[in-house]
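Please open the model in a viewer and keep the selection tool at hand. The tour below proceeds one selection at a time.

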Amino acid sequence: MSEGVRYCWRCDEPITAEHPGTSAVKVSISAGGAVVWLHDKCPKRPELAISTPR
């Protein structure tokens, strides 16, 4: 069975050679532990900025 095109779970853009990604397992009872793909660096989303209160 062919998997087809893989899409990033965060930004819904395809995983390509230009924008590589990695797989992660998402634990979900309804999905039976579906494999989720994420870009190493999403092309459409800014980097996550974590701020701490002062």
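**First stop: the cysteine sulfurs**

Select Cys8 and Cys42 and display their sulfur atoms: in this predicted model, the cysteine sulfur closest to that of Cys8 belongs to Cys42, and the separation of 3.6 Å is too far for a bond. A disulfide is a covalent bond between the sulfur atoms of two cysteines. The cut-off applied here is 2.5 Å between sulfur atoms, and by this rule the model contains zero disulfides. Add Cys11 to the selection: Cys11 is in no disulfide either, its nearest cysteine sulfur being that of Cys8, 3.8 Å away.

Are these cysteines buried or exposed? Cys8 is buried, with a relative accessible area of 1%. Cys11 counts as buried at a relative accessibility of 11%, and Cys42 counts as buried at 13%.

**Second stop: around Cys42**

Keep Cys42 selected and colour the chain by secondary structure. Cys42 lies in the segment after S2, whereas Cys11 is found in the segment before S1. Although 31 residues separate Cys11 and Cys42 in sequence, their C-alpha atoms are 6.7 Å apart in space. Next, draw a distance from Cys42 to His19: the two residues are 23 places apart along the chain, and their C-alpha atoms are separated by 7.5 Å.

Which residues does Cys42 touch, leaving aside those up to four places away in sequence? The contacts are Cys8, Arg10 and Cys11.

**Third stop: His39**

Move to His39, which is found in strand S2, residues 35–39. His39 is buried, with a relative accessible area of 3%. Display the side chain of His39 together with the backbone of Pro14: the side chain reaches the backbone oxygen of Pro14 at 3.1 Å.

Now expand the selection to the contacts of His39, not counting residues up to four places away in sequence. Two cysteines from the first stop, Cys8 and Cys11, are among them. The list also includes Arg10, Glu13, Pro14 and Ile15, and it continues with His19, Pro20 and Gly21.

**Fourth stop: Trp37**

Select Trp37, which is likewise found in strand S2. Beyond residues up to four places away in sequence, Trp37 touches Arg6, Tyr7, Cys8, Trp9, Ile15, Gly21, Thr22 and Ser23. Cys8, Ile15 and Gly21 appear in the contact lists of both Trp37 and His39. For a distance to draw, take Trp37 and Arg10: they are 27 residues apart in sequence and 8.7 Å apart in space, C-alpha to C-alpha.

**Fifth stop: Asp12 and Val5**

Select Asp12, in the segment before strand S1, which covers residues 21–25. What is notable about its backbone? Asp12 has a positive phi of about 65° although it is not a glycine. Asp12 is exposed, with a relative accessible area of 57%.

Val5 also lies in the segment before S1. This residue is exposed as well, at a relative accessible area of 52%. Draw the distance from Val5 to Thr16: the pair is eleven residues apart along the chain, and the C-alpha atoms are separated by 8.9 Å.

**Last stop: the whole chain**

Clear the selection and display the entire protein. How many helices and strands are there? The protein has zero helices and two strands. Of its 54 residues, 13% count as buried; Cys8 and His39 are among the buried residues visited on this tour.

Display the surface: the protein exposes about 4,900 Å², and carbon and sulfur atoms supply 55% of that area. Finally, consider the contacts between residues at least 6 apart in sequence: 41% of them join residues at least 24 apart.

Conventions:
Residues numbered from 1 in each chain as written. Predicted model: local features only at pLDDT ≥ 70, side-chain atom pairs only at ≥ 80, totals over all residues. Heavy atoms only, no water. Helix = DSSP H or I, 4+ residues; strand = E, 2+ residues; numbered from the N terminus. Buried < 20%, exposed > 50% of the residue type's maximum accessible area, 1.4 Å probe, protein only. Contact = heavy atoms within 4.5 Å. Areas by Shrake-Rupley, 256 points an atom, 1.4 Å probe, with all protein chains shown as cover. Polar contact = N/O pair within 3.5 Å; in protein donor to acceptor, adjacent residues only side chain to side chain.
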